[in-house]
Amino acid sequence: MEKDPYRYFRPEANDLVAQLGAGLVELEKTGSDAALIAKLFRLAHTLKGAARIVRHREIAELSHALETWMTPLRDGGALPARVDEGLALVDKMSVHVASLGAPPKPVTQPVPVAQRAEPAQRVAFDRVDLGELLDGLADLQVQVAQLRNLDDPRHLPGRIDQIEREVRRVREETEQLQLIPAGSLFPMLTRVVRDVAAPIDLVGKGGDTRLEAGVLSVLHGALVQLVRNAIAHGIEPAAERRTAGKPERATITVEVTQANGRVAVRVADDGRGINLSAVRSALIEKGLAAPALDDRDALIRALIDGGVSTATSVSEMAGRGVGLDVVRAAARELGGELTATTGTGAGTTFMLSLPVSMSTLQVVMLAVGSHVAAVPLASVHRIIAARAERIVQSERATVLVHDDASVPYATLAQLVGAPSTSIHSVVLVDRGDGELVALGAERVLGVREVVQRARPPGATLDPIVAGLVIDDGGVPRPVLDPTQAAKAIRASRAPTAAEKRKRLPILVIDDSLTTRMLEQSILESAGYEVELASSAEEGLAKAQRNRYALFLVDVEMPGMDGFTFVATTRAHAELSKVPAILVTSRNAPEDLRRGTDVGAKGYIVKGEFDQKELLALIGKLT
């Protein structure tokens with residue numbers, strides 16, 4: 001198949017055209033800003049050069065025409081009151097960019113005013129350069145080739161680690177390519193406001209929230225309609241605003257927030273509010289059920305659901321009664337919900353709440369044993385050191401005493417069903433209403449920006465799981481829903497001593513990744529909790545820090561070997577109570593005797609490995 005000649009030019013041109021449009025609108029607000037004019041010249045020049053490289057004459061000529069239009073501004077000429085001529089050139093560019101290749105794509109800039117009769121314009125969002133991803137794949141290919149030609153098997157673990165790191169990097173870059181900052185919508189909405197030529201400011205918040213391109217594409221049409229509705233129905237004339245004691249310049253705020261696997265998009269204006277009397281009259285005129293005038297919620301719901309308009313005349317901005325139909329259709333397509341609130345003279349807020357299958361999120365990663373979970377950073381109030389005197393337990397509940405208040409407390413182990421371990425840190429979590437709960441963790445692994453995936457359809461996950469993230473080892477880890485986690489913490493109780501004994505994990509110690517994974521799979525399939533260590537030294541450190549039901553230890557390892565590990569633990573007052581099984585390829589009688597002499601309760605020969613015998617021995621010892 002012939003390669004797409006515009007595969008690199010298309011995303012670059014989309015980005016440059018969007019920046020040019022936003023820059024011209026900003027220039028119109030600020031006046032002759034020399035730095036901004038210089039930036040616009042650079043953007044136009046870059047686009048012209050790139051268009052010439054791919055031999056797209058029309059875009060190159062339009063870029064040159066824009067430079068010509070801006071030249072008097074750079075040379076100190078007066079800025080026109082409105083920059084319509086420059087924006088018209090940018091709009092023509094966007095049409096050409098949208099038609100690059102086949103099939104043609106919709107434009108990424110707002111459609112000129114004269115073309116906006118139909119509001120449901122769908123926008124396509126292109127991602128950025130794929131160069132880093134392609135470089136990563138090339139590096140990965142080289143690593144695999146080197147692995148095939150590896151002479152010394154002792155270098156194999158290091159090579160595998162390199163490949164795992166490269167695979168992880170490529171996966172993360174691929175995930176990021178699917179996500180776009182929500183702020184990409186703000187310049188388009190600013191154009192909608194600007195083209196009305198009214199004293200209105202559009203304020204965008206939460207633009208760093210990254211969402212799937214398909215979600216933003218659907219959202220674009222809905223947000224355009226909500227902004228146009230605010231202009232047509234909500235914002236008062238300047239004289240009316242002065243009489244009401246409001247600033248002459250109105251404000252429309254578009255805010256994108258994310259929490260618990262959902263995205264909330266809020267469009268709020270500071271206008272006159274919804275005319276509920278007009279809504280009721282419109283419903284009656286259409287022969288629809290009309291709630292009582294004092295039933296505000298029912299009237300707002302009827303407005304959202306009924307396809308009615310409160311405009312007194314048909315104009316370019318309103319009057320056809322289709323605006324909220326478009327928004328409602330977008331909410332339905334995305335599986336979301338549309339709600340609204342209003343107050344007389346206090347403005348109107350529309351809220352779209354949407355589930356998302358992928359989005360970026362900053363989280364705090366917590367660990368207990370081999371279990372790892374994430375808590376959204378936005379809900380983390382504070383992280384403090386765990387101190388036994390702060391934790392007070394009764395028969396009914398456990399609380400953490402913090403700032404002279406009793407905060408409901410539970411451990412991460414209790415929430416995820418993991419074996420109990422020592423607690424070193426406590427995370428104070430805001431459950432969403434300003435009230436705090438406390439979550440004890442063995443380790444805080446730090447803050448990360450992750451790609452959160454939605455709960456798999458049909459999966460029987462605990463309600464506290466808002467979504468999943470893939471960790472560095474490719475393992476899905478839960479993202480905790482702060483509200484649901486708070487409920488679980490308030491309802492939890494400390495496990496009894498018998499429960500703690502029953503749930504102690506098995507520590508597998510082996511320097512071979514393959515052997516560790518095999519043994520972990522066998523044990524977990526049999527219902528055991530498992531923790532891993534890649535050396536005897538790491539295993540000893542874990543054994544001294546945590547409680548285990550059994551040690552399953554390789555004999556031949558770099559540094560401390562399995563015999564020494566077992567002998568060391570047998571000499572320890574507490575660790576000597578934990579049975580140990582040695583796993584090795586050695587089967588000489590003297591090795592078996594040495595295993596018994598150091599205190600091992602079992603000796604498994606790899607060449608004679610039998611899964612049933614291993615499980616039977618472990619069952620007997622635990």
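Which strands does helix α14 (residues 482-491) lie across, and at about what angle does it run to β15? In the predicted model, helix α14 lies across β13, β14 (425-430) and β15 (436-441), and its direction makes an angle of about 80° with β15. These strands belong to an open sheet of six strands with mixed pairing, in which the order is β10-β14-β15-β13-β12-β11. The edges of this sheet are formed by β10 (380-385) and β11 (391-393), each of which pairs on one side only, and neighbouring strands are turned against each other by 35° on average when direction is ignored. Within the sheet, β12 (residues 398-402) and β13 (residues 405-411) are paired in the antiparallel sense over four bridges, and one of the bridge partnerships joins His-402 to Ala-405 in β13.

Another open sheet, also with mixed pairing, consists of five strands in the order β2-β4-β5-β7-β6. Because β2 (200-205) and β6 (337-343) stand at the edges and each has a single partner strand, one side of each is left without a neighbour in the sheet. The average turn between neighbouring strands of this five-stranded sheet, with direction ignored, is 15°. Strands β5 (residues 262-269) and β7 (residues 347-355) pair in the antiparallel sense over eight bridges, with Arg-266 standing opposite Met-351 in β7. Helix α8 (residues 213-234) packs on this sheet and touches β2, β4, β5 and β7, its direction making about 20° with that of β5. Helix α7 (residues 186-195), for its part, lies across β2 and β4 (250-259) and runs at about 165° to β2.

A contact between helices is found in the N-terminal numbering range, where α1 (residues 9-30) and α4 (residues 84-98) pack at an angle of about 160° with their axes 10 Å apart. An angle over 145 degrees counts as roughly antiparallel, and α1 is therefore roughly antiparallel to α4. The crossing of α1 and α4 is left-handed. On the α1 side, the contact involves Arg-10, Ala-13, Asn-14, Val-17, Leu-20, Gly-21, Leu-24 and Val-25, which meet Gly-86, Leu-87, Val-90, Met-93, Ser-94 and Val-97 in α4; the residues of this contact divide into nine nonpolar, four polar and one charged.

For the chain as a whole, 20 helices and 23 strands are present, and 45% of the 622 residues count as buried. Among contacts between residues at least 6 apart in sequence, 64% join residues that are at least 24 apart.

Key
Residues are numbered from 1 along each chain as its sequence is written. This is a predicted model: local features need pLDDT of at least 70, side-chain atom pairs count only at pLDDT 80 or more; totals for chains, interfaces and linings use all residues. Side-chain values use heavy atoms; hydrogens and water are left out. Two strands pair if DSSP finds at least two bridges between them. Helices (H or I, at least four residues) and strands (E, at least two) are DSSP runs, numbered from the N terminus. Axes are lines fitted to C-alpha atoms, for helices over the stretch in contact, and angles run from 0 to 180 degrees between N-to-C directions. Contact means heavy atoms within 4.5 Å. Angles under 35 degrees count as roughly parallel, over 145 as roughly antiparallel, 65 to 115 as roughly perpendicular and the rest as oblique. A crossing is left-handed if the near helix is turned anticlockwise from the far one by less than a right angle, and right-handed if clockwise. Ala, Val, Leu, Ile, Met, Phe, Trp, Tyr, Cys and Pro count as nonpolar, Asp, Glu, Lys and Arg as charged, and the others, Gly among them, as polar. Buried means under 20% relative accessible area, exposed over 50%, partly exposed in between (1.4 Å probe, protein chains only).
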